[in-house]
Amino acid sequence: MAWQDEFRELFPITREFAYANVAYTSPLAPRVAQATAAFFDGITRARSDKPQWLRDADALRVSLARLIGGDARRVAFMKNTTEGLNTVAQGLDWEEGDNLVLDDQEHPSNALPWLSLRRRGVEIRTVHSRGHDFNVDDIWARVDARTRLIAVSWVQYASGLRIDVAELGRRAAERGIWLVVDGIQGAGLLRAQVDAWGVDAFAFGAHKGLLGPLGVGALHLSPRLLEALDPPYLGPSAVTLVDRSSGEPHVRATDRSDARRLETGNLNYPGIAGWTAAIGLIESAGPERIEPWVLELAGALGDGLRELGLDVVTPRHLPSTTNSVRLSDSAAALARLRRDGVVASAVEGGLLRLSLGPYNNHADVERILRAARGLTH
């Protein structure tokens, strides 16, 4: 049995549906759900072992860093992508008149943290897209001498546009501009090299291409940005404590180069247990196999949708995992597809979004295309 056949068997939902909705959330493999349940079962039976939970969390940091091309010491656990982006936005020392560059296609999770900085005197320089399309040159045209940061998604949530992060990182590094990437739509599906690309902050959650549970995520930082950040709020962590040695208590971070200083209190240990199981599935399948497989399927689906005469708005500069189709009534189309055994999602702008994962196969693509024929009338 080929690796993909074995991988598909891990997801029972594939026996019933063509699941084309990883851009919203991945279905859970039972062993992921079981890992989370096992954690709670341990609590039920009074098997609380926080030192072991912390060791498990640190082991997951290593796996995540390896998967995205980073360093485990610079991975902080967050509750989601949004918290990671806010940690950066609120943790930098902004000066009035500074500006940042943000495009008009971002998910609210990667828009609101930056828009909130207007109250601190930060100018938001907007990249205006052309029919869901923009590129690195469009971003760079908005950069000036006061630009301190660029925020962008690796893969856009609505259209599936994939940005050339490596080229953007190269330009940003030359100018000393922070590059912050919302990575949730690509992580686990596409192969990242965040350090090699010059990404200063890479925020992502577990529940999409990384196949894990909701409510847990991570933030990876470059050494330079990690040193510059002051946490927007504090709590006890592995490296942050209250020092009472002088008689007057004060905050002491024992190691500023350790991203755990950005964490506060208890981590989401049940989520970490489930995420660890999910990353194990990805590592067993092989990230080097997953990316070409998913892109092959998404490419075949996009070609088929265009052959049906549907208005696929996903730009084609770089291959993506998502195909988004503009329809007059995307909600009705979504319901129709569901009746035909296809799970997708509708997003703003009248778009029907079809996003594929490593558990999909060519039979799913054919099933989606058969169902999509009814959308052309």
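## Exercises: rings, cores and odd backbones

The charged end of Arg148 sits over the ring of Trp94, 5.2 Å from its centre. Keep in mind throughout that this is a predicted model.

**Exercise 1. Find which ring lies under the charged end of Arg338, and at what distance from its centre.**

Start from the Arg148 and Trp94 case, where the charged end is 5.2 Å from the ring centre. Now go to Arg338: its charged end sits over Phe17, 4.8 Å from the centre of that ring. Both distances pass, because the cut-off for a charge over a ring is within 6 Å of the ring centre.

**Exercise 2. Classify the aromatic pair of Tyr19 and Tyr359, then place it in the chain.**

Step one is knowing what to look at: a pair of aromatic rings is described by the distance of the centres and the angle of the planes. For Tyr19 and Tyr359 those values are 6.2 Å and 70°. Planes over 60 degrees apart count as edge-to-face, so this pair is edge-to-face.

Step two is location. Tyr19 belongs to strand S1 (residues 18–19), while Tyr359 is in the loop between strand S15 (351–355) and helix H13 (362–372). That's 340 residues apart, so the pair links distant parts of the chain.

Step three is burial. Tyr19 counts as buried because its relative accessibility is 7%, and Tyr359 does too, at 0%.

Finally, zoom out. The two tyrosines belong to one aromatic cluster together with Trp3, Phe7, Phe11 and Trp293. The structure holds 13 aromatic pairs.

**Exercise 3. Work out which helix gives the largest share of the largest nonpolar core, and how that helix meets H11.**

First, the core itself: it has 88 residues, and Phe202 and Trp275 have the most contacts inside it. Its largest share, 8 residues, comes from H10. Apart from this core lies another one of 27 residues, with Trp94, Ala111, Ala201 and Leu221 among them.

Next, check Trp275. Leaving aside neighbours within four places in sequence, its contacts include Leu60, Leu64, Phe77, Phe204, Leu210 and Val216.

Then turn to the helix pair. The axes of H10 and helix H11 (residues 287–307) come within 6 Å and cross at roughly 85°. The two helices are therefore roughly perpendicular to each other. Where do they meet? Ile282, Ser284 and Ala285 in H10 meet Pro287, Arg289 and Ile290 in H11.

**Exercise 4. Decide whether Asp258 and Ala346 are buried or partly exposed, and list their contacts.**

Take Asp258, in the loop between strand S10 (250–253) and helix H10 (269–285). It counts as buried, because its relative accessibility is 4%. Beyond its neighbours within four places in sequence, Asp258 touches Arg73, Leu226 and Val239.

Now Ala346, in strand S14 (residues 345–347). At 36% relative accessibility, Ala346 counts as partly exposed. With neighbours within four places in sequence left out, Ala346 is in contact with Ser330, Leu334 and Leu351. For a long-range check, Ala346 and Ala158 are 188 residues apart in sequence but 8.8 Å apart in space, C-alpha to C-alpha.

**Exercise 5. What is unusual about the phi of His132 and of Leu211?**

Recall the background: most residues other than glycine have a negative phi. His132 has a positive phi of about 75° although it is not a glycine. Leu211, not a glycine either, has a positive phi of about 65°.

Where are they? His132 lies in the loop between strand S4 (123–127) and helix H6 (136–140), and Leu211 in the loop between strand S7 (201–205) and strand S8 (217–221). As for burial, His132 is buried with a relative accessible area of 14%, and Leu211 is buried at 0%.

Conventions: Residues numbered from 1 in each chain as written. Predicted model: local features only at pLDDT ≥ 70, side-chain atom pairs only at ≥ 80, totals over all residues. Heavy atoms only, no water. Phe/Tyr/Trp six-rings, centres within 6.5 Å; stacked < 30°, edge-to-face > 60°. Helix = DSSP H or I, 4+ residues; strand = E, 2+ residues; numbered from the N terminus. Buried < 20%, exposed > 50% of the residue type's maximum accessible area, 1.4 Å probe, protein only. Lys NZ or Arg CZ within 6 Å of the ring centre and 35° of its normal. Contact = heavy atoms within 4.5 Å. Core = buried A, V, L, I, M, F, W, Y, C linked by side-chain atoms within 4.5 Å. Axes fitted to C-alpha atoms, helices over the stretch in contact; angles between N-to-C directions. Parallel < 35°, antiparallel > 145°, perpendicular 65-115°, else oblique.
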